[in-house]
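Q: Hey, could you walk me through this one? I'm new to it.

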Amino acid sequence: MTLAHLISFLSQLTQTLLVVLIAPLMLGWVAQCRAWLQNRSGPGLLQPYRVLFKLLHKDALLAHNASPLFRSAPYIQFGCMVLAASVVPIIETNLLFAPAADVIALVGVFALARVFSSLAAMDVGTAFGSLGARREMLVASLSEPALLMVLFTPLLIVQSSSLNTIVDTLAHREFQLHPSLAFAAVAFVMVLLAENARIPIDNPSTHLELTMIHEAMILEYSGRHLALIEWAHAIKFTTYCAIGIALFVPWGIAQAGVWQVLPGAVFALLVKLGVAGAGLALLESVCAKLRIFRAPEFMGMAFMLAALGMLTRLLLGA
Amino acid sequence: MNEIALTLGAPIAGAIVLGIFGGHAQAARLNALVSLVTFCGAVLLASRVVSEGALLAYHEAFFVDSFNVFLVALTAFVGLTTALFSRPYMLNEQAHGRITRRRLQLYHCMYQLFVFTMLLVLLTNNMGILWVALEGATLATVLLVSLYRTPASIEAAWKYFILCSVGIAQALFGTILLYLAAEKVMGGGGNALLWTHLNQVKGQLEPTVLSLAFVFLIVGYGTKAGLAPLHNWLPDAHAEGPTPISAVLSGLLLNIALYAIVRCKVLVDGALGTPFAGNLMMGFGIMSVVIGAFFLSRQRDVKRMFAYSSIEHMGLATFAFGMGGPIANFAALLHMTVHSLTKSAIFFTVGHATQKTGTQVMDQIRGLIVTNPTIGWGLMLGTLAILGMPPFGVFASEFLIVTTAMREQPWAAPILLVSLAVAFASMFMRVQSMVFGDTTARRLPHAPALVPVFVHLALVLMLGLWIPPYLADWYRLAAKLIG
Amino acid sequence: MSTSAQLINLMASLMLLIAFAMLAQRRIKSLIYLFAWQGLVLAANSLIVGWYTGHHELYLSAFFTLLLKVMALPLVLHYLIRRLDIQWDVETLINIPATLLAGIVLVVFAFNLALPISQLAGTITRGTLGIAIAVVLLAFLMMITRRKAVPQVIGFLAMENGLFFAATSATYGMPMVVELGILLDVIVGVLILGIFFFQVREAFDSLDLKHMEKLKESDP
């Protein structure tokens with residue numbers, strides 16, 4: 001094994017571990033920011049770790065009629081999310097795993113995790129599980145086209161569907177105004193909120209049966225299964241933020257092989273994630289949760305904005 | 001030059017004065033006086049153009065040739081007679097309590113502004129100002145259509161405003177495209193929209209842009225001219241507004257809008273060298289004739305019926321302009337004149353008839369000839385004239401249009417004839433029962449002004465029998481100009 | 001791409017964004033704010049184009065746009081809705097996503113319509129002509145979907161904004177005298193409509209146009 005291989009293997013490992021480990025912190029940070037905005041003291045940044053730790057030490061209870069699918073779903077979800085976190089150029093481009101998936105395949109990875117979580121939710125046959133699964137599918141059927149539409153704009157600008165190329169091109173060249181990217185960015189934030197079960201589509205901190213989506217799906221899980229699902233959820237959230245950063249504010253991501261700048265890249269990533277988390281917390285504090293029937297309108301808006309971005313790119317070349 | 005200043009200055013000064021004193025008892029007389037001054041200016045202008053030929057004035061801002069000067073004279077004339085007619089009519093309305101003094105003030109002020117904007121459309125040399133003035137004409141009449149403040153009249157005014165403004169926004173886009181084409185040839189600046197300059201270079205204008213521009217222009221100005229299928233505002237505005245306004249809307253505004261289309265057509269024809277513009281106009285024209293004639297038979301409101309008749313006749317004139325050539329253009333110009341005179345005369349009599357009977361529903365108007373023979377005969381003769389009975393002038397122009405169509409556009413002739421026949425049958429039947437039979441009419445506090453009616457009808461009769469040589473020359477010149 | 005073209009494209013996309021936002025906006029008050037923003041973008045665009053092309057009469061046009069469409073007209077409209085007591089009116093719009101999708105189709109149509117013209121225009125702004133037509137069409141769509149009087153009028157004014165934008169992008173603006181005339185028409189139009197709104201409310205007790213369905217093609 002040559003040195004170059006070793007370095008690229010090490011940086012891949014660094015990134016994957018980094019994302020997996022800081023993901024709960026990201027959730028904690030958003031919760032803390034929300035607490036500050038609402039004049040509460042908050043549970044502390046490390047609360048998600050404590051929850052994970054607690055859950056991992058509990059016994060997992062399973063329903064009598066739970067199938068192997070129910071048991072394997074948390075592992076599949078966790079695996080999908082770790083894969084996604086490894087593919088996206090978060091601290092460095094040209095990662096070892098990067099050729100594994102382009103942006104469109106990445107959307108597919110997320111979809112795979114979602115399919116399993118919905119199937120598992122319906123597996124036991126409780127009312128809430130299938131209700132949550134159906135709502136999840138409603139939101140997903142609207143947010144996925146919007147997400148693809150968002151991704152098309154940078155694809156068109158760079159003429160490539162590989163995230164590496166996109167980041168390389170956008171980050172390391174003369175600055176240009178791209179109104180189309182701005183539209184896409186706004187649409188992306190809307191998709192991010194919907195896909196990660198945040199306000200205004202879902203409220204992560206409530207178990208109110210009339211409104212919940214994500215929480216309804218995982219009601220039957222406990223112990224290590226629940227811990228894995230929660231962890232996967234945190235990784236998904238962080239990875240989404242990272243995709244947004246890579247597409248719209250890629251400055252600071254290290255170029256392939258230049259390992260000297262890696263510490264700087266990690267620092268830049270942490271700052272950007274911090275700002276993104278604070279921004280999301282602010283957004284969640286000023287928005288009210290939408291009725292579930294208004295969700296299509298919200299996602300329609302995201303789709304429209306994304307399409308608008310693509311159109312301005314196509315029509316104006318901007 | 002001074003004639004132009006007089007023609008345009010009189011109505012604007014009148015609008016200001018009447019805006020202040022319009023509610024005064026003698027304001028209606030002042031209104032008529034201002035219109036008389038305007039008419040004098042127009043006659044002086046016309047005599048000058050007849051003797052000296054086309055003229056440009058005030059740094060080419062105004063342009064008068066034989067095409068628009070006859071419309072200026074016609075507009076000023078109908079403006080004058082309508083002002084004469086409106087004096088007793090509006091006083092009667094006031095006596096019946098349908099309008100207040102303040103609304104009378106508004107009416108007089110806006111009436112003069114309306115006349116001003118129409119004359120500005122005709123006299124200006126700038127295609128941009130033409131648009132501005134035509135939009136101004138809409139704005140001036142919106143509040144007049146809603147003068148009675150009844151729900152129906154307000155609905156009509158709203159429809160009128162929205163449809164005409166949206167329509168005319170299309171025309172603005174057409175004008176922008178025209179400017180784009182002109183700028184390529186002449187460079188930017190104010191001169192590039194002057195019609196005389198455009199006319200000189202029309203052969204070099206970019207054909208694609210101009211054909212697209214003409215589509216927008218004909219849709220925009222065609223909305224104002226009441227061309228089907230853009231005519232929806234017209235029957236409502238005519239039926240719900242005060243009758244003098246119906247008379248000027250029908251007799252003048254539609255003409256003015258058609259004038260704008262024809263001015264654009266001259267440029268487009270020059271640039272394209274194909275009958276594209278003419279074909280488009282024929283299409284809109286024949287659709288208007290058919291829709292006007294067939295919807296006319298379904299109306300119960302007398303003013304709505306005559307409004308549809310206006311759509312039909314505007315369609316006929318548009319069709320004739322679309323065919324082009326000296327005879328068709330001559331016929332179209334004649335048709336514009338006689339339609340304007342006849343239709344305003346009809347609205348005058350209809351106005352008094354509805355005042356007498358207190359309703360616009362035709363089934364409830366009976367026996368006009370018993371209570372007031374002059375109104376009855378005026379309506380009967382006017383209807384016969386507008387239906388194209390010889391020896392009235394409408395017959396002459398329709399005859400010319402239909403025979404030209406037989407020769408040049410044989411496909412259209414049967415459609416025209418059938419539509420004219422349908423219009424004839426349904427309208428004649430309705431009017432006959434209104435004029436004869438038992439009566440329901442009441443006496444009016446102010447004697448109606450019927451002189452304008454018979455002056456108009458006499459003129460139409462004269463134009464049917466004998467067109468004065470200078471007028472014929474005039475028409476011929478204008479027809480040649482349009483090409 | 002040059003800086004000027006980038007800035008102009010930015011303005012064009014903002015125009016388009018505001019046009020879509022207007023299409024989806026339910027609140028009358030927010031609609032007026034959006035209209036003011038659109039005017040601001042329009043003025044900024046005139047300034048930018050005037051600066052980069054040396055057509056200094058565009059400054060004047062930008063100034064009048066700022067004065068009229070960013071300050072005067074929104075103020076008048078705010079005053080009107082306050083007097084008419086419809087400040088907090090929310091319109092029930094059916095199916096906003098469908099309207100927005102129709103809007104996207106209109107944008108594509110507008111671009112195809114503008115293609116032959118913008119190839120002929122010699123301006124640096126010619127690329128934005130398609131956006132201008134799209135703004136006009138979107139305003140038209142807004143007028144069709146609205147059932148209340150004030151939003152319809154704002155739609156009309158937005159359409160006029162689009163036409164101004166078209167004039168700037170196709171020919172660096174119309175001759176000054178024509179622009180002034182158009183502005184005059186807009187002012188007079190809004191004043192007359194202001195009076196008219198009161199008449200409408202007096203007659204119908206509301207500014208909802210669904211009451212206005214009495215006049216039909218043939219009377220019963």
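**A chat about the chains and their helices**

A: Sure. Bear in mind that this is a predicted model. One place to begin is chain B, where the axes of helix 12 (residues 302-323) and helix 13 (residues 326-357) come within 9 Å and cross at roughly 175°.

Q: Okay, so how do helix 12 and helix 13 of chain B run, roughly parallel or roughly antiparallel?

A: Roughly antiparallel, because an angle over 145 degrees counts that way, and helix 12 and helix 13 of chain B fall in that class.

Q: Which residues meet there, between helix 12 and helix 13 of chain B?

A: From helix 12 of chain B, the list includes Val302(B), Phe306(B), His313(B), Leu316(B) and Phe321(B). On the helix 13 side of chain B, Ala328(B), His335(B), Met336(B), Ile346(B), Phe347(B) and Val350(B) are among them. By class, this contact has 14 nonpolar, six polar and two charged residues.

Q: Zooming out, how many helices and strands are there in chain B?

A: Chain B has 19 helices and two strands. Its radius of gyration is 21 Å, close to the 23 Å that the globule rule gives for 483 residues, so chain B is as compact as a globular protein of that length.

Q: What does the C-alpha trace of chain B span along its principal axes?

A: About 65 × 50 × 45 Å. Buried residues account for 64% of the 483 residues in chain B.

Q: And what about contacts in chain B between residues at least 6 apart in sequence?

A: Of those contacts in chain B, 82% join residues at least 24 apart.

Q: Let's switch to the neighbors. How many residues do chain C and chain B put into their contact?

A: Chain C gives 40 residues and chain B gives 43 residues. On the chain C side, the elements giving two or more residues are helix 4 (96-120), helix 5 (129-145), helix 6 (149-171) and helix 7 (176-204).

Q: Which of them gives the largest share of the chain C side?

A: Helix 7 of chain C, with 15 residues. The side of chain C that touches chain B divides into 28 nonpolar, six polar and six charged residues.

Q: What about chain A and chain C, how many residues does that contact take?

A: It takes 18 residues from chain A and 20 residues from chain C. On the chain A side, helix 7 (179-195) and helix 11 (295-316) each supply at least two residues. Helix 11 of chain A gives the most, with eleven residues. By class, the chain A side that touches chain C has twelve nonpolar, five polar and one charged.

Q: Back inside chain C: how do helix 2 and helix 6 pack?

A: Helix 2 (residues 28-53) and helix 6 of chain C pack at an angle of about 10°, with axes 11 Å apart. An angle under 35 degrees counts as roughly parallel, and helix 2 and helix 6 of chain C are therefore roughly parallel to each other.

Q: Which residues of helix 2 and helix 6 of chain C meet?

A: Helix 2 of chain C brings residues including Ile28(C), Leu31(C), Phe35(C) and Leu42(C), while Val150(C), Ile154(C), Leu157(C) and Phe164(C) are among those from helix 6 of chain C. That contact has 13 nonpolar, six polar and no charged residues.

Q: One last thing: where is Leu101(C) found, and why is it called partly exposed?

A: Leu101(C) is in helix 4 of chain C. Leu101(C) has 15 other C-beta atoms within 10 Å, so it is partly exposed: 20 or more would make a residue buried, and 12 or fewer exposed. The C-alpha atoms of Leu101(C) and Ala166(C), 65 residues apart along the chain, are separated by 23 Å.

Technical notes:
Residues are numbered from 1 along each chain as its sequence is written. Chains are lettered from A and ligands numbered from 1 in the order in which they are written. This is a predicted model: local features need pLDDT of at least 70, side-chain atom pairs count only at pLDDT 80 or more; totals for chains, interfaces and linings use all residues. Axes are lines fitted to C-alpha atoms, for helices over the stretch in contact, and angles run from 0 to 180 degrees between N-to-C directions. Helices (H or I, at least four residues) and strands (E, at least two) are DSSP runs, numbered from the N terminus. Angles under 35 degrees count as roughly parallel, over 145 as roughly antiparallel, 65 to 115 as roughly perpendicular and the rest as oblique. Two residues are in contact if their C-beta atoms, placed from the backbone, lie within 7 Å. Ala, Val, Leu, Ile, Met, Phe, Trp, Tyr, Cys and Pro count as nonpolar, Asp, Glu, Lys and Arg as charged, and the others, Gly among them, as polar. The radius of gyration is taken over C-alpha atoms; the globule rule is 2.2 Å times the number of residues to the power 0.38.
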